[in-house]
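Please consider the model shown below. The paragraphs after it treat metal coordination, salt bridges and surface charge in turn.

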Amino acid sequence: MGFRKKTKAIAAKTPEQLDAMEAAGKIVGDALQAVRAAVKPGMTTLDLDKIAEDVIRSAGAVPTFKGYQGFPGSICSSVNEMIVHGIPSDDVVLKDGDLVSVDCGATLGGWVGDSAWSFGVGELAEDVRLLNEATEWVLMEGLKAMVPGNRLTDVSWALEKATYEAEKKFGVDLYIVDGYGGHGIGHTMHEDPFLANEGKPGRGPVIQEGSVLAIEPMLTLGTEDSVVLEDDWSVVTVDGSHAAHWEHTVAATAGGPRILTPRR
Ligand code: MG
Ligand code: MG
C-alpha cells in the first residue's frame, strides 16, 4: 500500500451550460465594446461605468461586480500604472494618451461571464501601445492550452512562454504581475482553481471537456511588483510603469478552446 496522489479535475459544464455561459459572456463583450466606442478625452471612468451598466441591464443581466465584496462599480477601470481593480470615479478624468484597462462581469440565468481588455484614449505612446498589443497576444496564445487532457499549469506555462515570445515579437521588456491571475468560473465569478500567469507545466487539476477558466494575463513595462492603494482595491505597479490586462472566459471543448466572452 503506497501513497497515491489523486489527480483532481476542473469541474465540467455540459454543452447547454456552456451556451448559457456564452449568453452571459456576450453581454460582457457588448458592454466592453460600448465602453471602448464611447471613450474620449474628458470623460470620467464613472461615465464608462454607467455605459457598461446600461448595456448589461438592458440585456436583462446583472452587473456581477456591483456589490462584489463591497465593490461599488459595474466595471473595474484601471488607468496607466493601475493594473486591476480600479474603482470608477468622477475624479478620474481621462486624457489623450491614457491606457485604460476595463474589466467587466455579467450574470445571466445564474451564469457569469468575465472579460477584460485595455485600450488607448487617443494615441498611445509607442512602448505602451506595444505593451497592450503584446498582452492581447499573450492571452490569445495562452488560451490555446485550454484543451481537454491538459493540466491547469499547462495554461500558466503557455502564458509565461507566450510572454517571453512577445518580448521578441513586440520588442519590449515585459513583466508578469506577481500574485494575480485567472480562476475557475461558473455560477459565481471566482471559483477554484486559481490560475497563475506563469509557472512550470504539467501540474494541478486536469482540464476536462467542459472545464471553464477565466484567463487573464497582466503585464507591465517595468516590474512584477504591485501595491494596493488606500482605497483597498486599486492595484498599481510599484515603479509607476504602465500595465495592461486582457481576459476571456474560456471553455475547453473537443473542438478546441471556446471563448465564452466573444466581442461581436
Ligand atoms: Mg475580470
Ligand atoms: Mg477574472
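The account begins with the conventions and then turns to the metal sites.

This is a predicted model, in which local features need pLDDT of at least 70 and side-chain atom pairs count only at pLDDT 80 or more, while totals for chains, interfaces and linings use all residues. Residues are numbered from 1 along each chain as its sequence is written, chains are lettered from A and ligands numbered from 1 in the order in which they are written, and side-chain values use heavy atoms, with hydrogens and water left out.

Which residues coordinate the magnesium ion (ligand 1)? Its donors are Asp-103 (OD), which is listed twice, Asp-114 (OD) and Glu-247 (OE), at 2.0 to 2.5 Å. Donors here are N, O and S atoms within 2.8 Å of the metal (3.2 Å for Na, K and Ca); since water is not among the atoms, sites may look incomplete. Along the chain, the donors of this ion follow the spacing D-x10-D-x132-E. Asp-103 belongs to strand E4 (residues 99–108) and Asp-114 to strand E5 (residues 111–120), with their positions 11 residues apart in sequence. Helices (H or I, at least four residues) and strands (E, at least two) are DSSP runs, numbered from the N terminus. Asp-103 counts as buried because its relative accessibility is 8%, and Asp-114 is buried at 2%. The term buried means under 20% relative accessible area, exposed means over 50%, and partly exposed lies in between (1.4 Å probe, protein chains only).

The magnesium ion (ligand 2) is coordinated by Asp-114 (OD), His-183 (NE2), Glu-216 (OE) and Glu-247 (OE), at 2.1 to 2.2 Å. The spacing of these donor residues in sequence is D-x68-H-x32-E-x30-E. The magnesium ion (ligand 2) and the magnesium ion (ligand 1) are 3.1 Å apart, with Asp-114 coordinating both. Asp-114 lies in strand E5 and Glu-216 in the loop between E9 and strand E10 (218–220), so this pair ties together parts that are 102 residues apart in sequence. Both Asp-114 and Glu-216 are buried.

Salt bridges form the next topic. With a salt bridge defined as a side-chain nitrogen of Lys or Arg within 4 Å of a carboxyl oxygen of Asp or Glu, the count comes to 11. In one of them, Arg-258 pairs with Asp-19, the closest N and O atoms being 2.8 Å apart. This contact links distant parts of the chain, as Arg-258 is in strand E15 (residues 256–259) and Asp-19 in helix H1 (residues 15–38), 239 residues apart. Arg-258 is partly exposed at 23% relative accessibility, as is Asp-19 at 42%. Asp-19 and Arg-258 are also linked with Glu-22 and Lys-26 in a network of salt bridges.

Another salt bridge joins Arg-57 to Glu-53, with the closest N and O atoms 2.7 Å apart. These residues are four apart in helix H2 (residues 45–58), so about one helical turn separates them. Arg-57 is partly exposed, with a relative accessible area of 41%, whereas Glu-53 is buried at 16%. The side chains of Glu-141 and Lys-144 likewise meet in a salt bridge (2.8 Å, N to O).

On the surface, Asp-178, Glu-198, Glu-224, Asp-225 and Asp-239 form a negative patch. Patches are made of residues with over 30% relative accessible area and no salt bridge, like charges being joined within 9 Å and nonpolar side chains (Val, Leu, Ile, Met, Phe, Trp, Tyr) within 5 Å. Glu-198 lies in the loop between strand E8 (191–196) and strand E9 (212–215).

Terms used. Accessible areas come from the Shrake-Rupley method with a 1.4 Å probe; for residues, only the protein chains shown count as cover. Lys and Arg count as positive and Asp and Glu as negative; His and the chain ends are not counted. The place of a charge is taken as NZ of Lys, CZ of Arg, CG of Asp or CD of Glu.
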